[in-house]
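Biologist: Got a minute to go through this model with me? I have a few quick questions.

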Amino acid sequence: MVDLNPRDIYREQVNTIFGLLPLTLLVDILAATILFAFVLLVTGNYSPLIYAWYAVVLITSSIRLLVAGYLKNRIDYGGPDSRAGFLVLSALVSGLLWGSTWTIMPIGSIEPPKGAIILWPCAVLAGAVANFAILRKLFLSLLLPTIALHVALLVYLGTEQDIQLAVALTVYGALLAVVAARIGNDLNLGIALKLQNRLLGDSLLQERDELKRKESELLRHIKREKALLAEKKQTDVRLEQAVEEKLLLLDAAGEGIFGTNKQRRVTFVNSMALKLLNFKEEDVLGQDALGLVCRDSRDHQQENTVRNSISDCFHDARSIENMKGNFFGKGNLVLPVNFSCRPIIKHEKFIGAVVSFFDMTKQIEMEAKLLQAQKMEAIGRITGGVAHDFNNLLTVIMGNLQFLKRRLSAADDKNEARLIEKIMSAAKRGAEMNNRLLSFSSEQALQSAPEDLNAILLDMQDFLKRTLGEEIEIVLNLTGKNCGVMIDRTRLENVILNICLNASDAMPDGGTVIIASHDSLRESGDSSTELVHGPGKYVYLTITDTGAGIPRSIQGKIFDPFFTTKPRGEGSGFGLSTAYGFIQQSGGDIIVQSEEGKGSIFTIHLPAVATRGIKAEERKETTTAVARYDGTVLVVEDDHGVRDIACQMLMEAGFNVLTASNGSAGLEQFNMHPDIDLVFSDIIMPGGMTGIELAEKILSDNPDVPILLATGYIEKPLKDQIAGIGNVVCIAKPYDTEKLPGMINSMLSKAAS
């Protein structure tokens, strides 16, 4: 049972009656209309007040209908109290109207009887029992005025019949009150039951809504839990993927990495570490890190330093960065490494360490090769500088000797002429040695042209057999037909001859020399760290012998000038150094592989060119025996000895000669003498202007003037600069002064044609 609020019951009572009010008012209007018509039709002497009474009924009923409609549309207007007040007022108005029906009785004799007039209020009161019995004050507001006014009228009239009607009317009112009370109780009980049902329904609806809300919250909670579980699964998957990716990254790292716990036991190791140390994972995990890679080697200070450094990282939680040392791998593997050791700290406690390292083998080899290249470059620059000055001296010596020889020949002094020949021969040997120095320094003048390497080797085969002797077997292994190279053929033949002679010396009891060419063109520099030049297409020439081999201790010195293993006086030490300089200058590389007792292999990489169009060069010896020439020549030379020799020879040949000691003076002389036919200049001169710059300035305004440049040493940037200038010829010092006039005359003739 739901406890009812009296206020809720009262509100329901008022709303129930208020809902019936329009019908009650319409019934009042209908009853009043019937009564009005009855009086007019039945009685002939009715009171004029009947019109006023009927008008009041219509007006008040209409007003109450309008007010009731307004209050019905405004449900929350004034609450139940305002509606109840309106109902009481409306009932009171109805009671007064129906209690005043005696005012419309006929005037004079009573016809019809007064009971007919009283009948209408009684009928209205009977109807009010059903409509207003719910609220006693509302029923009484209608009952009391109606009964009271009629009883008062009847008592006032005072006849026995009137008194009887008054009593009867009073009894009727009492009976109506009792009936109304009983009906009201039943109606109120129905209202209470209705309210209880409504409240129960509302409660059930609330409980249903609450259940739905809780169900919805439960579903949301379940969905949220599912989402959290799904997110957790995704997080777990991501974590697993992250762990897997970290392991993959560790495996993909280019350096070896392994981790340890605080007891120095290896807990993880990446693939590169296993590869570098030649271990398997089961060989490493759980092992003591120091015992694994830092084995006891008390006789080696470097290994002790490595062991102590890693121990410090474990004991003192101190990072070790970029230290060099050796790690030990499987078996007797010793790996030079650069390593770091970093402690792992968690909650301010040491829990392990990570050691990372990379192989230093190639770097050490590259450093050694870099040092070797720097050494060779330094020696080359020194020898080149010495050769430059020495060539100037030889030019002066040989030129003066040629002058002296001609004068002695004119005096028919054969003994002294033979003495001059011996001095000249010694000077030429000095010039040849100087050329070897220039060859090593990669600053010699090369006559490079497209050549077929196979053709060169076939041409040399018989010569090598005769030179090396019958004890040495020469085997040619020429593969393919695409062995075109850009090379100075004469100097390449000298390189091959020098290497084969060294091989012969390494095989005193005889042996085999295999000379092979390879036409499989590869990208040089892809795998070998020994190549100096960058990527490009190369042809390979290998010379293999079965001799005693080269000790590892001297393999880094064999290309040094003056270095030789032959007894004193039997070797100059220029053979391999000359080969090295020539191959480098030609854009190639030369590599040696040798092991004692197993012979040596020299591999020469030569820049490749297409073999199509390579023809055998026809060599013609031409001589120009012109005694006298004419023309004006400007000689620009900073060395006064060389300048005097050149000027004397040219003047004896009939040339008109002008001189200058540097490039600036030479340019000034050329501008002052527009009749100059040819400029003969040194390249390297003091004063800020080289012979090449002098040539460029002259040719910019006079492109047809032939220019002859001479030098005992020229650096590569200047050499590249000459290659881009037309109408320029370059000769090397020491030049033959007797051939100089003919060379100049040939250049003048070519320019004139």
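Biologist: Is R342 buried, partly exposed or exposed, and why?

Modeller: First, a caution: this is a predicted model. R342 is partly exposed, because its relative accessible area is 37%, and partly exposed lies between the 20% and 50% cut-offs.

Biologist: Which side chain does R342 meet in a salt bridge?

Modeller: E321. The two side chains meet at 3.1 Å, N to O. E321 sits in strand β3 and R342 in strand β4, 21 residues apart, so to speak of distant parts of the chain is fair here.

Biologist: And E321, what is its relative accessibility?

Modeller: 42%, so E321 counts as partly exposed.

Biologist: What sheet do those strands belong to? What is the strand order?

Modeller: An open sheet of five strands, ordered β2-β1-β5-β4-β3, with antiparallel pairing. The edge strands are β2 (266-269) and β3 (320-328), each pairing on one side only. On average, neighbouring strands are turned by 30° against each other, direction ignored.

Biologist: How many bridges hold β1 and β2 in the antiparallel sense?

Modeller: Three. Strand β1 covers residues 256-261. T260 stands opposite V266 in β2.

Biologist: Back to charges. How many salt bridges does the structure hold?

Modeller: 10. One of them joins R489 and E451, with the closest N and O atoms 3.8 Å apart. R489 is in helix α14 (residues 489-505) and E451 in strand β6 (residues 449-452), 38 residues apart in the chain.

Biologist: Are R489 and E451 buried or exposed?

Modeller: Both are buried.

Biologist: What about K598? Which residue is its salt-bridge partner?

Modeller: E595, with the closest N and O atoms 3.7 Å apart. K598 is exposed, because its relative accessible area is 62%. E595 is partly exposed, at 45%.

Biologist: Which residues are joined into one network by salt bridges that share partners?

Modeller: E451, D459, R489 and E493.

Biologist: New topic. Which residues form the nonpolar patch on the surface?

Modeller: L92, L96, W102 and L149. Together they have about 310 Å² of accessible area.

Biologist: Where is W102 found?

Modeller: In the loop between α3 (79-99) and α4 (114-132). W102 is partly exposed, with a relative accessible area of 31%.

Biologist: Why does W102 make it into a patch at 31%?

Modeller: Because patch residues need over 30% relative accessible area and no salt bridge, and W102 has 31%.

Biologist: Thanks, that covers my list.

Conventions
Residues numbered from 1 in each chain as written. Predicted model: local features only at pLDDT ≥ 70, side-chain atom pairs only at ≥ 80, totals over all residues. Heavy atoms only, no water. Pairing = 2+ DSSP bridges. Helix = DSSP H or I, 4+ residues; strand = E, 2+ residues; numbered from the N terminus. Axes fitted to C-alpha atoms, helices over the stretch in contact; angles between N-to-C directions. Patch = residues over 30% accessible without salt bridge, like charges linked within 9 Å, V, L, I, M, F, W, Y side chains within 5 Å. Areas by Shrake-Rupley, 256 points an atom, 1.4 Å probe, with all protein chains shown as cover. Salt bridge = Lys/Arg side-chain N within 4 Å of Asp/Glu carboxyl O. Buried < 20%, exposed > 50% of the residue type's maximum accessible area, 1.4 Å probe, protein only.
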